[in-house]
Amino acid sequence: MKRELTCVACPLGCSITVEYEGTEVLSVTGNTCKRGDEYARTEIVNPTRNIASTVKVVGGVHPVVPVKTSAPIPKTMIFDCMKEINNVCVNAPVSIGQVVIPNVLGTGVDIVATNID
Amino acid sequence: MLNYDLVVVGGGPAGMAAALKAKECGVERIIILERAETLGGILEQCIHSGFGLTYFKEELSGPEYAARFIDMVEKTDIVVKCDTMVLDIDENNLVTAVNKKDGLLKIQAKAIVLAMGCRERPRGALEIAGTRCSGIMTAGTAQKYVNLDGYMPGKKVVILGSGDIGLIMARRMTLEGAEVKVVCELMPYSGGLNRNIVQCLNDYNIPLRLSTTVVETHGKDRLEGVTIAQVDDHLQPIESTKEYIECDTLMLSVGLIPENELTKNVGIAIDRVTNGAVVDEMRQTDHKGVFACGNVLHVHDLVDFVTMESQLAGQGAADYILGNAPAEAVYVNTTTGNGVRYLVPQRVNVKNPNDVKLYFRVGKIYKGAKVVLEIDGRIISSKKRPKLAPGEMENVIISAAELAKMDENSTITVRVEE
Amino acid sequence: MCYDVAIIGAGVIGALTARELSRFALNTVLLEATNDVAMGATKANSAIVHAGFDAKPGTLKAKFNVKGCEMMPSVCKELSVPYKNNGSLVVAFSPEEMDHVRALYERGLANGVPQMSILNEEELKAMEPSLAPEACGALLAASAGIVCPYELTIAATENAVTNGVEFRRNSKVEGIDFENGVFTLHTPRGDLQAKYVINCAGVHSDDVSRMVGDDSFTIIPRRGEYFILDKAVGNMVSHTIFQCPTAMGKGILVTPTVDCNLMIGPTAEDLPKEDEDNTATTPKGLAQVKKFACKSCPAVSTRNAITSFTGVRAHPDVDDFILGPSKVNAQFIQGAGIESPGLSSAPAIAVYLAHVVAEAIGDVKANESFNGERKDVFRFRHATDEERAAAIAKNPAYGRIICRCETITEGEIIDAIRAPAGARDVDGVKRRTRAGMGRCQGGFCGSKVVEILARELGCDINDITKFGSGSNILFNKTK
């Protein structure tokens, strides 16, 4: 099997060709860096993405504070992850990097704040 | 009246990088004037990741990228005044600003860095027919409502324009529970990065319709729907392709315009293509001691390049203030050749002892074309690029050695060769 | 309680009439169907104070136009509203059209228009170098001017309220009963009684008239589309430039506005009755404006457009203003069929309507505390540095710029909300302060204006609307 991908690892957006059988990747071509290779392999086996959103904050300057996944999570879990994010509420002060939800949905990935409030 | 060596207008990524660089170069009294409540500029509302890969070699969100510079500024004695609007700059570098606390401020500057950023092109400039109901807004305004204010500006959304902000907002609205029906793009190609089409649209099955525009809005109070249509080669809507799409929100991501009202008031020359000032390689305008950098100079796609450009402006301003600028200036204009829409800087002081990077954008998509740099009719470099797109800023370098060979009669041309 | 007078419709006619009535010791109520004043034809027209040479001699239009044009400068001064006596030119683009120009001149003389002259090509082009090469002469009417119609209406309402008139918004009159010499008006916000009713309901004035059994006229909604261009091209012409008129109106004009933008338009297209509130622009109309504006000034380009809009004029089938007591009920006073030159005529019509009512009531005392001067509104953008510093020292909110494009401060926005008959929505703030009227069209300041409105009105920000009713801007909270 052969698939054409656009790498999302960096703004270059290289066009990558992956040859694979089932979940076994045979070759990755077209990438211009190591991250592209990694991206292509993950994309075939278990595509993952980073997401960013906001969580409710109490006692801060803003009503919400931005958060992100500390590492990519499986694509299929994005909307379940959003449910978790929507249910949490943090108290000010919030610092950058502060873990808002540890190990979200058992993925080993944290939801962390990306701004102060 | 206050006296400063350097007044930086705007405390976004451009202003902060310029101020920090000038400080590092030894400029003593620096003040940043920022119109928003905090430093950081538009990055504060760009909560998605994708910033800093070039400059910090890691992927940061907008607020994280800004925070690194805000921390650095706070560690210096650079004075910061937020919630402060610059009203005027006169020909003698006297800056008039206003805020609640100080009232009217008159600041005499030795040098000024303009870093006001850009604004979004509004609906009125597009000639979309229809009513003036609520629910029509720029993507950036919607981004502020969702990411900073915590309110949903819509539930069923159509986005016009596939620039990066439009694509990013398609994903943001989807994650927050809205239904994004379609992203329409007037041109036959997207103005955004390929990776954003993949991770913002394809991931969520949001259709991208190229060569398609919104021709009419419907709804008396709140938007109820839009009519979209394909366009022909002259970008005119094709009547038979009209289609009604029900929606309560139309988001516009149809271009950014550098905010150069202050610049124009000083009488600084403006490049008709970039809508920014005409500058030299240190980003100095034709008004001595006034520099410009970041999106007020030309719209960038990556903040990393804004930072690097602004460091040049900061360096230039420092050289100017401290008397370290090359004693002699011999300017050569840069010329756009085939396929090149604009070049920044527009002129180069050939007495500059360093390499000079020329940034440019092309007018259409090229595959496998060559970027050619020509000086005095000689081909200096000719590099094949897999892809050139209007949405992606490119650059070529003139080496210091080449500069040293040039004089006032020299020519510099960048062109695309298919 | 029974009001002496109820005015239906807070457009320019209703508002100025309310102000004129407030000179008398009368209980007057001004009823408005929407969330704000000036929401109909008043907010979307050419903003021209015509000299008065267009109307046929002997018509009400001719009579009130010349008088209104003469009154406008002093009314605007009293109300602290921008007015500019820039003069108008009806330009001939062919020798044949010069006949039109001369005919208009003669008509102007018959109507009593002052300060008119006919210009030859050389004089014309020295005056307006941006005109098309074909321009070969013109009628100059030096008494013509430009005004901001919604500011005039806002100021007149404010002044009327200050002088004792009650203003009720969202009070569309849905039915009228008349019994024992008293009208009962039914509105969504309750019934009210009045001895006299003045019908200033604009495009709806025929419907209102029928509520008392007077069906002597019908209003035909006539759509006109316009562009507003950036201030960068605001000085392309200094006079208001008309083309020679046609059966449908005065044609496409090119004019500066009092706020230094350039305006081009309008088209003229009759709409079916049910479209009387349809202020949508159309691809066809906008294209027509572009085409014909270029006939006057070839350099006009909608690349400089910052917005476009549509106004619906109240064109009466009887082809003249309908003013004075109804033939069906003498206590029902018509101020209807007001189309161009309605704005120009408004000050004179208001005086006339107020006096008709006062005379009908008889023996009306003057309002002793009447003050026709509207309290001066602080405009940061027009103030000197000294005035700015003094204003900020008194109220720091004048030091916070909310609208960058037009340089509008938080203090001015708060003033607009707190003023008598003040702003209740984003467009209301925009019309009173210009916040959001600039190049970015509210891209930056829109969300801040929403915040300030919510704070001042004590409501949640998702209750704030663009222009009342269902025009909410935000939905629920994201979290």
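**Entry 1: how much of chain B is buried**

I started with burial in chain B of this predicted model. Of the 418 residues in chain B, 59% are buried. I then looked at the overall dimensions: the C-alpha trace of chain B spans about 65 × 55 × 40 Å along its principal axes. Does the radius of gyration of chain B agree or disagree with a compact globule? It agrees, because a compact globule with 418 residues would come out near 22 Å, and chain B has 22 Å.

I also noted the secondary structure, and chain B has eight helices and 30 strands. For contacts in chain B between residues at least 6 apart in sequence, I found that 64% join residues at least 24 apart.

**Entry 2: domains of chain B**

I looked up the domain assignment next. Domain 1 of chain B comes in two pieces, 1-119 and 256-325, while domain 2 covers 122-254 and domain 3 covers 328-418. The centres of domain 1 and domain 2 of chain B, taken over C-alpha atoms, are 31 Å apart. Where these two touch, domain 1 of chain B gives five residues and domain 2 of chain B gives seven. I sorted the residues on the domain 1 side: one is nonpolar, two are polar and two are charged.

**Entry 3: helix α3 of chain B**

I picked out helix α3 of chain B, residues 139-149. Why do I call this helix largely enclosed by the rest of the structure? Because 11 of its 11 residues are buried. Among them are A139(B), K144(B), Y145(B) and D149(B). Just after α3(B) I found G150(B), which has a positive phi, near 75 degrees.

**Entry 4: one cysteine, C133(B)**

I stayed in chain B and found C133(B) in the loop between β10 (129-130) and β11 (136-138). Is C133(B) buried or exposed? I count 22 other C-beta atoms within 10 Å of C133(B), and the cut-off for buried is 20 or more, so C133(B) is buried.

I listed its contacts too, leaving out residues up to four places away in sequence. C133(B) touches T217(B), G219(B), K220(B), D221(B), R222(B) and L223(B), plus S471(C) from chain C. I also checked C133(B) against L20(B): they are 113 residues apart in sequence and 45 Å apart in space, C-alpha to C-alpha.

**Entry 5: where chains B and C meet**

That contact with S471(C) sent me to the whole interface. Chain C puts in 45 residues and chain B puts in 39. On the chain C side, the elements giving two or more residues are α7 (283-296), β18 (305-316), α9 (385-394) and α12 (446-457). I sorted the chain C residues as 18 nonpolar, 20 polar and seven charged.

Then I checked the predictor's scores. Chain C averages a pLDDT of 95, with 99% of its residues scoring at least 70. The complex gets an ipTM of 0.95 and a pTM of 0.94.

**Entry 6: over to chain A**

I finished with chain A, which has two helices and 10 strands. Along the sequence I read the pattern β-β-β-α-β-β-β-β-α-β-β-β. Chain A is more spread out than a compact globule, because its radius of gyration is 17 Å, well over the 13 Å that the globule rule gives for 117 residues. Its C-alpha atoms fill a box of roughly 55 × 25 × 15 Å along the principal axes.

Chain A has two assigned domains, domain 1 (2-45) and domain 2 (52-113), and their C-alpha centres lie 29 Å apart. Back to burial, then: 35% of the 117 residues of chain A count as buried.

Terms used
Residues numbered from 1 in each chain as written. Chains lettered and ligands numbered in written order. Predicted model: local features only at pLDDT ≥ 70, side-chain atom pairs only at ≥ 80, totals over all residues. Domains from an automatic or database assignment. Nonpolar A, V, L, I, M, F, W, Y, C, P; charged D, E, K, R; others polar. Helix = DSSP H or I, 4+ residues; strand = E, 2+ residues; numbered from the N terminus. pLDDT = per-residue confidence, 0-100. Buried ≥ 20, exposed ≤ 12 C-beta atoms within 10 Å, placed from the backbone. Rg over C-alpha atoms; globule rule 2.2 N^0.38 Å.
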